[in-house]
Amino acid sequence: MKAAVEPIVRRVVVRAPNWLGDTVLALPAMAALRMHFASASLTVAAPAAVAALFREDTGVRPDAVLVLPPSPRDAVVALREGAFDLGILLPNSFRSAWALRRAGIPQRWGIARSARGWLLTRRSVRAASGPHHSDYYRGVVRGLGIPCDDRAPALVASTGSLAAAATLLSRAGVLPDAPLVGVAPGAAYGQAKQWPPERMAAVMAQLVRGHGVTCVVVGAAHDRPSLRAIESWLRSHAPETQSRVLDLVGRTDLGSLVGVASRCRVFVSNDSGAMHVAAALGRPVIAIFGPTDERATRPLGHSTVLTADVFCRPCHLRDCPIDHRCMKRIDVETVVAAVSQHLDRPDKGGGQ
């Protein structure tokens, strides 16, 4: 009896994760798919919030990027118009698999979760993997019989993103050779993941005074309350440093965020998507973890993870029901010392 012949695949669509941090962590798995389907046309389908990441220099090198409309019906139409032979799912949701089925994509590969196994034509027999979330995506790909190495996510800012960042910084009066420290004081998924913004402000004040850096505060529009708390603390306690703290919260698209982060000597962040972007760019990251598990989502690469030894973490709660001790027991001096270690040595990467 002859073995079944593998169908010819000319057009592949890879459904990217929905969140920025997850998408960065999935880059090695997606690069493995690119290598495996080298002769096919490969499209990355992603929500608008993360699609622009694939216009940077990554190992994925898609032939096209499909920005998925927010409406499920419109997303199905967009996928159908791609006339894909094969769809590979990295999200594990039922909705993502159902969209491929409704779009008429004949081959649908992914991990059988969320009661969607019947929608898949090939189920990933997920290989044993480590505790980190990047290992999950590698496991999905390996479980499809596709080799995937253990390299960390890697990202290089495109020429356009570097130019956009240079324009933003220049308009704010930041000189091209100014040493920058990136600061991401917000975090999605609730307040519990945020180190107190007043402490972020105190760190920035000490870095401006002690190292002469400019601190660039980045984040989404929903992070503005954290920024207001930072600005209030600086006005009251360190007004002389305010001119060296640049507010870019809600003022960058993903491309310019990548460009700005690539210019930073060090990046200070809560557990967030911006943290993973900076790490993938090769920037040293000081990552502050509270209710989430650093074993699963720590930044990969040259990073320092700061935690407090308390009985209740990781709890993964959006809001702390007690006194937020996992974050409040991390003091300003510890963070300043961690950042200073990087500022006191020559910069080896793309930062200024």
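These legends walk you through several close-up views of a predicted model.

**View 1. The largest nonpolar core and its best-connected members.** Welcome to the inside of the protein. The largest nonpolar core holds 63 residues, and Met-30, Phe-37 and Phe-267 are the ones that touch the most other members. Helix α11, covering residues 273-280, supplies the largest share of this core, with six residues. Apart from this core lies another one, made of 37 residues, including Ala-205, Leu-227, Val-245 and Val-336. In soluble globular proteins, nonpolar side chains tend to be buried together.

**View 2. Phe-37 and its contacts.** Here we stay with one of the residues that touch the most other members of the largest core, Phe-37. Setting aside residues up to four places away in sequence, look for Val-9, Val-12 and Leu-86 around Phe-37. Ile-88, Trp-109 and Ile-146 also touch Phe-37.

**View 3. Thr-58, a buried residue in a loop.** To find Thr-58, follow the chain from α3 (48-51) towards β3 (64-68) and stop in the loop between them. Thr-58 has a relative accessible area of 7%, which is under 20%, so this residue counts as buried. Beyond residues up to four places away in sequence, Thr-58 touches Leu-27, Leu-53, Ala-154 and Leu-155. The Thr-58 side chain also reaches the backbone nitrogen of Val-60, at 3.1 Å. Pro-28 is another residue to look for: 30 residues separate Pro-28 and Thr-58 in sequence, while their C-alpha atoms are 9.1 Å apart in space.

**View 4. His-324 and the backbone of Ala-192.** This view moves to the loop between β12 (303-306) and α13 (325-328), where His-324 is found. His-324 counts as buried because its relative accessibility is 13%, under the 20% limit. What does the His-324 side chain reach at 2.8 Å? The partner is the backbone oxygen of Ala-192. Leaving aside neighbours within four places in sequence, His-324 is in contact with Gln-191 and Gln-194 as well as with Ala-192.

**View 5. A nonpolar patch on the surface.** Our last stop is on the outside. Phe-94, Trp-98 and Trp-118 make a nonpolar surface patch of about 330 Å². Trp-98 belongs to helix α5, which spans residues 94-102. Is Trp-98 buried or partly exposed? Trp-98 is partly exposed, because its relative accessibility of 36% falls between the 20% and 50% limits.

Key:
Residues are numbered from 1 along each chain as its sequence is written. This is a predicted model: local features need pLDDT of at least 70, side-chain atom pairs count only at pLDDT 80 or more; totals for chains, interfaces and linings use all residues. Side-chain values use heavy atoms; hydrogens and water are left out. A nonpolar core is a set of buried Ala, Val, Leu, Ile, Met, Phe, Trp, Tyr and Cys residues joined through side-chain atoms within 4.5 Å. Buried means under 20% relative accessible area, exposed over 50%, partly exposed in between (1.4 Å probe, protein chains only). Helices (H or I, at least four residues) and strands (E, at least two) are DSSP runs, numbered from the N terminus. Contact means heavy atoms within 4.5 Å. A polar contact is a pair of N or O atoms within 3.5 Å; within protein, one must be able to donate a hydrogen and the other to accept it, and residues adjacent in sequence count only if both atoms are side-chain atoms. Patches are made of residues with over 30% relative accessible area and no salt bridge: like charges are joined within 9 Å, nonpolar side chains (Val, Leu, Ile, Met, Phe, Trp, Tyr) within 5 Å. Accessible areas come from the Shrake-Rupley method with a 1.4 Å probe; for residues, only the protein chains shown count as cover. A salt bridge is a side-chain nitrogen of Lys or Arg within 4 Å of a carboxyl oxygen of Asp or Glu.
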